[in-house]
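Colleague: I'm new to this one, so could you walk me through it with a few questions?
Modeller: Gladly, let's look at it together.

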Amino acid sequence: MNFKEELKNRVANIEDLLNDYMPKVQGYQKTIFDSMNYSLKAGGKRLRPILTLEACKLVGGNEKDAYPFAVAIEMIHTYSLIHDDLPALDNDDLRRGRKTNHKVYGEAMAILAGDGLLNYAYEIMLRESLSKGEPEKYLKAINEIAKASGIYGMIGGQVVDIESEGKSIDMEKLDFIHMNKTAAIIIGCMRAGAIIGGASEEELENVTKYAKNIGLSFQIVDDILDIVGDEAKLGKKVGSDIDNEKSTYPSLIGLEKSKETANKLIAEAKMSIDYINKDSEFLNNLADYIVDREY
């Protein structure tokens, strides 16, 4: 398998789906659509929607059944980035090599664009689920995404992250932040995809282990790249963690130990999905990509 080519094809598929599902009818509120599209279509790795579809396929499901959920999860992820970049939170000027949403459309419209993407994500999932023959299965998938992105997931992690800035925290609290702020949404989207694909309880457990490990590893690598990353490749400012006096894996255990931890998590992730399906080459390669990435 040529992983880079396969990843490129999957990203292109997600881009097409985003175009298909975004609203076409615009009225007086045209600016909100422009602002939503500005951030949604600014590129990115599209890992979360890809993982949603891959989890569905891994357990023998039809990935097309998970298309609305893949689109929705990218909308939810994008909303979180728009809000993260606001002056009240991370106060970033660049995202994916372009001006952040509030720098182009203003803070008020950026807030509303994030709200719009979040709300429309649930519109899509609920609309599509109501048209299916097994609504209970799809409602379970929606519930996974709602939990992962809410106060017991991503938002909860963001709260503790904000409250921990400028403070010395221990590894237990740092893991809580990383597992909720970053890993939770990856766990939620893969569990949703697996549920839609008809996963057994054992399969769902192993999908969860994979998602948990790559999610935590992803954030550890982010911590590392904030120190040693190339700003041109990252498309955003590096060194913000140090500027904001944030505790990170490198600040607590050092760069080398952080890299070792990330690699160990990836190895365990790959083992967990091999139990489900030996034909998991793409997901194994994706795990390696997460830990080896430069941006």
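Colleague: Is Tyr 289 buried or exposed?
Modeller: Keep in mind as we go that this is a predicted model. Residues under 20% relative accessible area count as buried. Tyr 289 has 17% relative accessibility, so the residue is buried.

Colleague: Thanks! What kind of aromatic pair do Phe 3 and Tyr 289 form?
Modeller: The whole structure holds 4 aromatic pairs. In the pair of Phe 3 and Tyr 289, the ring centres are 5.9 Å apart and the planes stand at 50°. Planes under 30 degrees apart would be stacked and over 60 edge-to-face. The 50° angle falls in neither class, so this pair is tilted.

Colleague: How many residues apart in sequence are the parts that this pair ties together?
Modeller: Phe 3 belongs to helix H1 (residues 3-21), while Tyr 289 belongs to helix H15 (residues 281-292). The pair therefore links parts whose separation in sequence is 286 residues.

Colleague: Which residue joins Phe 3 and Tyr 289 in one aromatic cluster?
Modeller: Phe 3, like Tyr 289, is buried, with 14% relative accessibility for Phe 3 and 17% for Tyr 289. The cluster they share also includes Phe 282.

Colleague: At roughly what angle do helix H3 and helix H9 cross?
Modeller: In general, a packed pair of helices is described by the distance and the angle between the axes. H3 covers residues 47-58 and H9 covers residues 171-196. Their axes come within 7 Å, and H3 passes H9 in a right-handed crossing. The crossing angle is roughly 35°.

Colleague: How many nonpolar residues are in the contact of H3 with H9?
Modeller: From H3, the contact has Arg 48, Leu 51, Thr 52, Ala 55 and Cys 56. On the H9 side, the residues include Ile 185, Cys 189 and Met 190. By class there are 2 polar and 1 charged residues, and the nonpolar ones number 9.

Colleague: Arg 48 caught my eye there. Which ring does Arg 48 lie over?
Modeller: Arg 48 is one of the H3 residues that meet H9. Arg 48 is also placed over a ring face, 5.6 Å from the ring centre, and that ring belongs to Phe 218.

Colleague: Last one: how far apart in space are Ser 258 and Ile 224, C-alpha to C-alpha?
Modeller: Ser 258 sits in helix H14 (residues 255-274) and is buried because its relative accessibility is 0%. Beyond its neighbours within four places in sequence, Ser 258 has contacts that include Ile 224 and Tyr 249. Ser 258 and Ile 224 are 34 residues apart in sequence, and their C-alpha to C-alpha distance is 7.6 Å.

Terms used
Residues are numbered from 1 along each chain as its sequence is written. This is a predicted model: local features need pLDDT of at least 70, side-chain atom pairs count only at pLDDT 80 or more; totals for chains, interfaces and linings use all residues. Side-chain values use heavy atoms; hydrogens and water are left out. Rings of Phe, Tyr and Trp (its six-membered ring) pair if their centres lie within 6.5 Å; planes under 30 degrees apart count as stacked, over 60 as edge-to-face and the rest as tilted. Helices (H or I, at least four residues) and strands (E, at least two) are DSSP runs, numbered from the N terminus. Buried means under 20% relative accessible area, exposed over 50%, partly exposed in between (1.4 Å probe, protein chains only). A charge sits over a ring if NZ of Lys or CZ of Arg is within 6 Å of the ring centre and within 35 degrees of the ring normal. Axes are lines fitted to C-alpha atoms, for helices over the stretch in contact, and angles run from 0 to 180 degrees between N-to-C directions. A crossing is left-handed if the near helix is turned anticlockwise from the far one by less than a right angle, and right-handed if clockwise. Contact means heavy atoms within 4.5 Å. Ala, Val, Leu, Ile, Met, Phe, Trp, Tyr, Cys and Pro count as nonpolar, Asp, Glu, Lys and Arg as charged, and the others, Gly among them, as polar.
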